[in-house]
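Trainee: Could you go through this model with me, one piece at a time?
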Amino acid sequence: MVLTLCCLLGSTAAMAQTEPDTVRRKRELPTRPTVEPQQPRVTQPQPQPEVIRPQVVRPSEEAPQALIDRMFWGGSFGLQFGTFTNISLLPVVGYRATETFWLGIGGVYHYRRFRGESMHNYGGRVFAQQQIFENFLIHGEYEQLSVELPLMNYNTGVYEISRRFIGIPMAGLGYRQRIGERGAADILLLYNFNDSYASPYSNPVIRAGFSFPFRK
């Protein structure tokens with residue numbers, strides 16, 4: 001019995017020694033853990049900040065201006081003393097259509113004194129000015145006036161004051177000196193196309209005027 005058991009143990013040990021090396025290597029290799037495939041991450045798009053681009057003004061283009069920035073006020077005056085006294089006030093409100101073309105409207109008031117008699121003329125006018133080169137310009141205007149005139153009454157031999165309406169077109173040249181960015185001082189040399197007795201102007205008509213912007 002003992003002999004039989006020893007034979008069995010000896011045969012088992014011999015079989016274990018003769019087992020192929022490849023089989024032992026397979027048993028000794030560690031098993032690789034199973035790796036689960038990763039799911040791709042879904043990212044929400046982030047809102048991009050709004051980019052504000054500055055407005056580019058080309059050198060050849062002017063930035064738009066408000067109406068009040070193109071308007072100006074001013075006027076001219078005239079003084080004449082002697083046998084015939086004449087004081088003129090001509091306020092204006094105008095619009096600069098371009099840097100060289102100006103137009104506007106205005107009032108007219110004259111105080112006149114002749115042979116002890118005081119007379120008052122009043123009315124309105126429209127005008128336009130075009131700068132032609134450098135500081136020189138052409139000027140045109142039309143006045144509608146209510147004038148008082150000293151007329152001789154041949155029956156009595158006394159001057160009597162009479163009132164009538166007249167239209168006075170004038171045109172001529174001028175010189176403009178800029179004051180600041182949009183102000184100006186003008187000297188005008190005009191010709192009166194209604195050089196009649198009723199007209200308060202004699203030729204040539206010389207005026208000095210100023211214009212200032214409503215808003216600086």
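Trainee: What joins the side chains of Arg113 and Ser118?
Mentor: A polar contact of 2.6 Å joins them, a polar contact being a pair of N or O atoms within 3.5 Å, where within protein one must be able to donate a hydrogen and the other to accept it, and residues adjacent in sequence count only if both atoms are side-chain atoms. This is a predicted model, in which local features need pLDDT of at least 70 and side-chain atom pairs count only at pLDDT 80 or more, while totals for chains, interfaces and linings use all residues. Residues are numbered from 1 along each chain as its sequence is written, and side-chain values use heavy atoms, with hydrogens and water left out.
Trainee: Is Arg113 buried or exposed?
Mentor: Arg113 counts as partly exposed because its relative accessibility is 35%, given that buried means under 20% relative accessible area, exposed over 50%, and partly exposed in between (1.4 Å probe, protein chains only).
Trainee: And how far is the C-alpha atom of Arg113 from that of Asn86?
Mentor: Those C-alpha atoms are separated by 6.7 Å, although the two residues lie 27 residues apart along the chain. Arg113 is in strand S3 (residues 101-114) and Asn86 is in strand S2 (residues 84-96), where strands are DSSP runs (E, at least two residues) numbered from the N terminus.
Trainee: What about Asn86, buried or exposed?
Mentor: Asn86 counts as buried, because its relative accessibility is 6%. The side chain of Asn86 also has a polar contact of 3.5 Å with the side chain of Ser88.

Terms used:
Helices (H or I, at least four residues) and strands (E, at least two) are DSSP runs, numbered from the N terminus.
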